[in-house]
Amino acid sequence: MAESFVEGLINHLKLPAKQIYVSAPSTKNIERFKSLGCHHSRRMIDIFGKYGCNVIILACHGSAVKKCYADGGSYPRALLTNYIPHVPYPLYILSLVSGVTLEEVKKTLFNPEGGASKYKHEMHRIMFNAAVGYGTGMIAVDCEPDGKHLAPGLRQMFSAMGKLEYVPESQMDAACATGGSGLAYSYYFMSALADGGFKMGLSRQMAVKFAAKTADCAARSVLESGKHPGELQDSVCAPSGPAIYGVHVLDKADVKSGIIAAVEASHKRALELATTDMGN
């Protein structure tokens, strides 16, 4: 997911890769970022202390934050080995961490002796899907995008990579399961639709194109009309026509319940990762 965001920054915001710094405690995913031209470090505190970054995206499992509380005493230990040093410029911190609140994350970043109030900062819970890498992503932020609580620079950055929407922090995990993981389910449906067209005689290339354009038509018509997808589905199905026969097959296979269960499973897994030590 972080890789998609970096690709969006480079390809659509047109931010030079040399201005992007990536840090992780392991080298598991570093090679890909290096190939994009980004700087990297094993020391996460370098993002602040060495490189002086002012826009920071936190992408880790919630268990990493929870472990800070388990290991700490009166205060949680620092998420980044050390607390963020005082800097003379404002910090913009964006959290992708599921299963924990911004307030919980904040206490692992700022020195408790001084408190977060000593830092000039703006912090948000966000979500985005992998389509940001293509400039067509779904992005959610915990405040009104056009309001005073979102810095103009952040608004410009997000808008370069996709459509920006407001989602309350309390609903962000659900938004991740629907708009984040949901992209995988949308690709799954398009792949199945393309396979159906291929089976009926379309070339593979033509079947994929028709499946993608059909999904795009459906999405656009829902957004443009403001109507519920079920209502639009009914409008496409003629009495005793081919479409309603196909919908009947989908209903017998319980496809709708399967999709709902997939969203629920994604949400549940994200919360599990906030309580399971994954070696972050």
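Mentor: Buried means under 20% relative accessible area, exposed means over 50%, and partly exposed lies in between (1.4 Å probe, protein chains only). This is a predicted model: local features need pLDDT of at least 70, side-chain atom pairs count only at pLDDT 80 or more, and totals for chains, interfaces and linings use all residues. Residues are numbered from 1 along each chain as its sequence is written; side-chain values use heavy atoms, with hydrogens and water left out.

Trainee: Is cysteine 68 buried or exposed?

Mentor: Start with its place: cysteine 68 sits in helix H4, residues 62–71. Helices here are DSSP runs (H or I, at least four residues), strands are E runs of at least two, and both are numbered from the N terminus. The relative accessible area of cysteine 68 is 0%, so this residue is buried.

Trainee: Which residues does cysteine 68 touch, not counting residues up to four places away in sequence?

Mentor: Contact means heavy atoms within 4.5 Å. One partner is 11 residues away in sequence, yet its C-alpha is 6.3 Å from that of cysteine 68: leucine 79. The full set for cysteine 68 is Pro76, Arg77, Ala78, Leu79 and Thr108.

Trainee: Which residues touch the most other members of the largest nonpolar core?

Mentor: A nonpolar core is a set of buried Ala, Val, Leu, Ile, Met, Phe, Trp, Tyr and Cys residues joined through side-chain atoms within 4.5 Å. The largest one has 24 residues. Helices H1 (2–11), H2 (30–36) and H6 (152–159) and strands E5 (121–128) and E6 (137–141) each supply at least two of its residues. The members touching the most others are Phe5, Met157 and Phe158.

Trainee: What does phenylalanine 158 touch, not counting residues up to four places away in sequence?

Mentor: Phenylalanine 158 belongs to that largest core. Its contacts are Phe5, Leu94, Ile126, Ile139, Leu150 and Leu164.

Trainee: How many residues make up the second, separate core?

Mentor: Leu58, Leu80, Val105 and Phe110 are among its members. The count for this second core is 22 residues.

Trainee: What area is buried between domain 1 and domain 2?

Mentor: The domain assignment, automatic or from a database, gives domain 1 (1–167) and domain 2 (177–275). Their C-alpha centres lie 32 Å apart, and 10 residues of domain 1 contact eight of domain 2. Buried area is the accessible area (1.4 Å probe) that two parts lose on being put together, summed over both. Carbon and sulfur atoms give 67% of a total of about 700 Å².

Trainee: How many salt bridges does the rule find across the interface of domain 1 and domain 2?

Mentor: A salt bridge is a side-chain nitrogen of Lys or Arg within 4 Å of a carboxyl oxygen of Asp or Glu. The structure holds 10. Across this interface, the rule finds zero.

Trainee: Why does the pair of arginine 32 and glutamate 7 tie together separate parts of the sequence, and how many residues apart are they?

Mentor: Arginine 32 and glutamate 7 form a salt bridge, with the closest N and O atoms 2.7 Å apart. Arginine 32 is partly exposed at 36%, whereas glutamate 7 is buried at 18%. Arginine 32 lies in helix H2 and glutamate 7 in helix H1, so the pair joins parts whose separation in sequence is 25 residues.

Trainee: Which residues are linked with Arg32 in a network of salt bridges?

Mentor: One link is the bridge from arginine 32 to glutamate 7. The network partners of Arg32 are Glu3 and Glu7.
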